[in-house]
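Reader: Could you walk me through some features of this model, one at a time? I'd like the general idea and then the case at hand.

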Amino acid sequence: MKAVQVIGDALSPHISCNNDLPQPTPRAAEMLIQVHAAGITGDEVTWPELYRTPSRIPGHEISGVIASTGPDYVGPLKVGQEVAAFLTAERGEGQAEYALCSADEVTSKPTSISHAEAAALPIPLLTAWEAITDHAKITSGMKVLVTGASGAVGSIFTQLAAHLTGAEVIALASRQNHESLKRLGAHSVLDYNTEDWEKAATGVDVIFDTVGGDILAKTWEAISDSGTIITVADPPPPWAFGKGPAAESVGRPGVKYIYFVVSPNSERLRKALEFIDTGVVKALNIKTFPFEEASQAWSHAQGRNRGYKAVIDLKGAEKS
Ligand SMILES: NC(=O)c1ccc[n+]([C@@H]2O[C@H](COP(=O)([O-])OP(=O)(O)OC[C@H]3O[C@@H](n4cnc5c(N)ncnc54)[C@H](OP(=O)(O)O)[C@@H]3O)[C@@H](O)[C@H]2O)c1
């Protein structure tokens, strides 16, 4: 089968296209998906898990059709059904003609969007949902600030937080994205190019950060003394994975700070994708690249100010 592969290491990754990899076989309760499209999160080439997989095939979000199931699969999904999936951070291997999934990774594809559009959504939907309900417990009336709000995860978070929780959402993004973020539900917007933007938002209950670095550091100015800062940005902050306290936490004992890696959850993904079909959440803007242009697709995915998410077409059927 054809598949994208990452050669080299996390410091100098090289994206290549391989036309001659073995097609996997579903075992036990696994499913084999014929992948039509696979989304790209540009920082994935820095994720250490990729370099531990023998195949070196990247890609954690796919949309396609169930090709076959393992002998022990007894769930509701059927061969031939259109599905979307988030493949666990430990495995990936989604940017291939065929990919394996477990039952907790896969659900029905929304009917109102294409495979390419569906393939862009599992990571942003699950990451935003997990932040909102598991890590922050965001409720109506809370003040929430999202950084990287124009990005894939940030713009889905903006929509879910605004529409599902009734929280007041402040979106941090460059000026050109402010109007579209307001249309997605942001109550107010801040421009990260404005000096001291962090002083304009005070007493914030929850920060959801998708940028990291200086932006994450500045959010400590905006968080309330009993607030929660959540980050998913790459590279993770020095305090992630229990590596000690955040430098900024000195004198702020009431502030909680959390880094997490998104988990598969097929039931949550099903509910979140239903919001696409019902129009509660708008799908992301995408740009589709044919398999042969996977290297260019990855370059685009790693660029700034894109306004779309890059998706690889594995089936040769999608239009950009
Ligand atoms: N831990 C996890 O489980 C998990 C899950 C999903 C994603 N992630 C990570 O989360 C991050 C966001 O993912 P994504 O798919 O949403 O990426 P994305 O679509 O590329 O969005 C990145 C956003 O960050 C903004 N940004 C980048 N650098 C910035 C800077 N220096 N100052 C201000 N804003 C900046 C971009 O703004 P512009 O449009 O202005 O460039 C954009 O809005 C990535 O690092 C990804 O690897 C982690």
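Author: We'll go through the ligand shell, the ring pairs, the backbone and a few single residues.

Author: A bit of bookkeeping comes before that. This is a predicted model, so local features need pLDDT of at least 70 and side-chain atom pairs count only at pLDDT 80 or more, while totals for chains, interfaces and linings use all residues. Residues are numbered from 1 along each chain as its sequence is written, and side-chain values use heavy atoms, with hydrogens and water left out.

Reader: Which residues come nearest to the ligand?

Author: A residue is near a molecule if one of its heavy atoms lies within 4 Å of it. Here 25 residues surround the ligand, and D43, Y192, D234, V262 and R304 come nearest.

Reader: And what polar contacts does the ligand have, say with D43?

Author: Think of a polar contact as a pair of N or O atoms within 3.5 Å; within protein, one must be able to donate a hydrogen and the other to accept it, and residues adjacent in sequence count only if both atoms are side-chain atoms. D43 puts a polar side-chain atom 2.6 Å from an oxygen atom of the ligand. R306 does so with a polar side-chain atom at 3.1 Å from an oxygen atom of the ligand. For F260, the contact comes from a backbone N or O atom, 2.9 Å from a nitrogen atom of the ligand.

Reader: How much of the ligand's accessible area does the protein cover?

Author: Accessible areas come from the Shrake-Rupley method with a 1.4 Å probe, and for residues only the protein chains shown count as cover. On its own the ligand has 930 Å² of accessible area, and the protein covers 85% of that. As for helices and strands, these are DSSP runs (H or I, at least four residues, for helices; E, at least two, for strands), numbered from the N terminus. The elements giving two or more residues to the shell are α2 (122-135) and α3 (152-165).

Reader: What's the make-up of the shell, and which domains does it draw on?

Author: For the classes, Ala, Val, Leu, Ile, Met, Phe, Trp, Tyr, Cys and Pro count as nonpolar, Asp, Glu, Lys and Arg as charged, and the others, Gly among them, as polar. The shell splits into 13 nonpolar, 8 polar and 4 charged residues. Domain bounds come from an automatic or database domain assignment. Domain 1 (3-121 + 283-313) and domain 2 (124-259) each give at least three residues to the shell.

Reader: On to the rings. How many aromatic pairs are there?

Author: A pair of aromatic rings is described by the distance of the centres and the angle of the planes. Rings of Phe, Tyr and Trp (its six-membered ring) pair if their centres lie within 6.5 Å; planes under 30 degrees apart count as stacked, over 60 as edge-to-face and the rest as tilted. The count comes to 5 aromatic pairs. One of them, F157 with F208, is stacked, at 4.4 Å centre to centre with 20 degrees between the planes. This pair links distant parts of the chain, 51 residues apart: F157 sits in helix α3 and F208 in strand β11 (residues 204-209).

Reader: Are F157 and F208 buried or exposed?

Author: Buried means under 20% relative accessible area, exposed over 50%, and partly exposed in between (1.4 Å probe, protein chains only). F157 is buried at 0%, and F208 is buried at 0% too. Then there's W239 with Y257: the centres are 4.9 Å apart and the planes at 80 degrees, so this pair is edge-to-face. W239 lies in the loop between β12 and β13, Y257 in strand β13, 18 residues apart. W239 is buried at 10%, whereas Y257 is partly exposed at 24%. Ring pairs also bring W220 in, making a cluster of W220, W239 and Y257.

Reader: What about the backbone: which peptide bond is cis, and where is phi positive?

Author: The bond from D234 to P235 is cis, with omega near -5 degrees. P235 is in the loop between β12 (223-231) and β13 (256-259). For phi, A28 is near 45 degrees, a positive value in a residue other than glycine. A28 belongs to the loop between β2 (14-18) and β3 (31-39) and is partly exposed at 41%. R56 also has a positive phi, near 60 degrees; its loop runs between β3 and β4 (61-69), and R56 is partly exposed at 22%.

Reader: Where is Q95, and what does its side chain reach?

Author: Q95 is in the loop between β5 (82-86) and β6 (98-101), buried at 0% relative accessibility. The side chain of Q95 reaches the backbone oxygen of G39 at 3.2 Å.
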